[in-house]
Amino acid sequence: MHGEIRLGARWDRFEGEQVIRAGRGFVWRASIRMRGMRVSGSDRWIDGAGLLSWKLFGLVRLARADGPDVSKSAAGRMAIEHVWLPSALLESVEAWEPLDDAHCGARVRVGAEVSRVVLEVDGEGRLRSAGMQRHGTPDGPRTPFRSESFGCRALEERRFGEVRIPSRLSAGWYFGTPRYEESGEFFRCVVDDAQFR
């Protein structure tokens, strides 16, 4: 994938790849160009443990975090990123809740965490958005963890082999509120390739 990520006030380009394994977790590795400097690292949630680690030029540690709050936040991310591995919903969803003609709720279990993800689809069954309450630090890494609305918009979709997934999306905090447009959106990506095994 490639796209833009907003860390602070400006948008910076990134290239990355992600592995998602149903029932186990995800690893997202990326390289970001920030003011001409290369920042690289990863975010992950594997078997109940979350970790983020980012370095400047691969040498100087900029950020490293783990522990219960990071793990809970990463589990929330995994829950919403089922949009990229829809077959995982078969084993992760504990219950479905019809809401209206365009929306349904899903109780998604990721490890010890259960999240209610609301999915929006159009008349053709294409995903339009996914939203939830997620544990995190929406106002920056030096602020306290709390539960806040989080979500993504599926702007385009594409077929990769036999699976159709969102191929262009945006994501961020304060999803479904005016604040999402003002300061919550922080991630925009295009999926260049996806392989399913």
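In which strand does His135 lie? In this predicted model, the answer is strand β10, which covers residues 127–136. Let us start there and then move on to the rings.

**Around His135**

His135 has a relative accessibility of 15%, so it counts as buried, the limit being under 20%. Its side chain makes a polar contact with the side chain of Asp69, at 2.7 Å. Asp69 also appears among the residues that His135 touches once neighbours within four places in sequence are set aside; the others are Lys72, Ser73, Phe145, Arg146, Ser147 and Trp173.

**Aromatic pairs**

How many aromatic pairs does a search of the whole structure find? There are seven. Such a pair of rings is described by the distance of the centres and the angle of the planes. Two of the pairs are set out here.

| Pair | Centre to centre | Angle between planes | Arrangement |
|---|---|---|---|
| Phe150 and Phe186 | 6.3 Å | 45° | tilted |
| Phe175 and Tyr180 | 5.3 Å | 85° | edge-to-face |

The tilted pair of Phe150 and Phe186 links distant parts of the chain, with the two positions 36 residues apart in sequence numbering. Phe150 belongs to strand β11 (residues 146–160), while Phe186 belongs to strand β13 (residues 185–190). Their surroundings can be compared through accessibility: Phe150 is buried, at a relative accessible area of 5%, whereas Phe186 counts as partly exposed at 22%.

In the edge-to-face pair of Phe175 and Tyr180, Phe175 counts as buried with 16% relative accessibility. Tyr180 is buried too, and its relative accessible area is 1%.

Beyond these, one aromatic cluster is formed by Phe14, Trp28, Trp54 and Phe187.

**Charges over rings**

Rings also meet charged side chains here. The ring of Tyr174 has the charged end of Arg179 sitting over it, 4.0 Å from the ring centre. For Trp11, the residue whose charged end sits over the ring is Arg188, at 3.9 Å from the centre.

**Around Lys55**

Is Lys55 buried or partly exposed? With a relative accessibility of 30%, Lys55 counts as partly exposed. Lys55 has its place in strand β5, residues 49–56. Leaving out neighbours within four places in sequence, Lys55 is in contact with Arg38, Val39 and Ser40, and also with Val60, Arg61 and Leu62. Ser42 makes a handy reference point: Lys55 and Ser42 are 13 residues apart in sequence, and their C-alpha atoms are 9.4 Å apart in space.

Terms used
Residues are numbered from 1 along each chain as its sequence is written. This is a predicted model: local features need pLDDT of at least 70, side-chain atom pairs count only at pLDDT 80 or more; totals for chains, interfaces and linings use all residues. Side-chain values use heavy atoms; hydrogens and water are left out. Helices (H or I, at least four residues) and strands (E, at least two) are DSSP runs, numbered from the N terminus. Buried means under 20% relative accessible area, exposed over 50%, partly exposed in between (1.4 Å probe, protein chains only). A polar contact is a pair of N or O atoms within 3.5 Å; within protein, one must be able to donate a hydrogen and the other to accept it, and residues adjacent in sequence count only if both atoms are side-chain atoms. Contact means heavy atoms within 4.5 Å. Rings of Phe, Tyr and Trp (its six-membered ring) pair if their centres lie within 6.5 Å; planes under 30 degrees apart count as stacked, over 60 as edge-to-face and the rest as tilted. A charge sits over a ring if NZ of Lys or CZ of Arg is within 6 Å of the ring centre and within 35 degrees of the ring normal.
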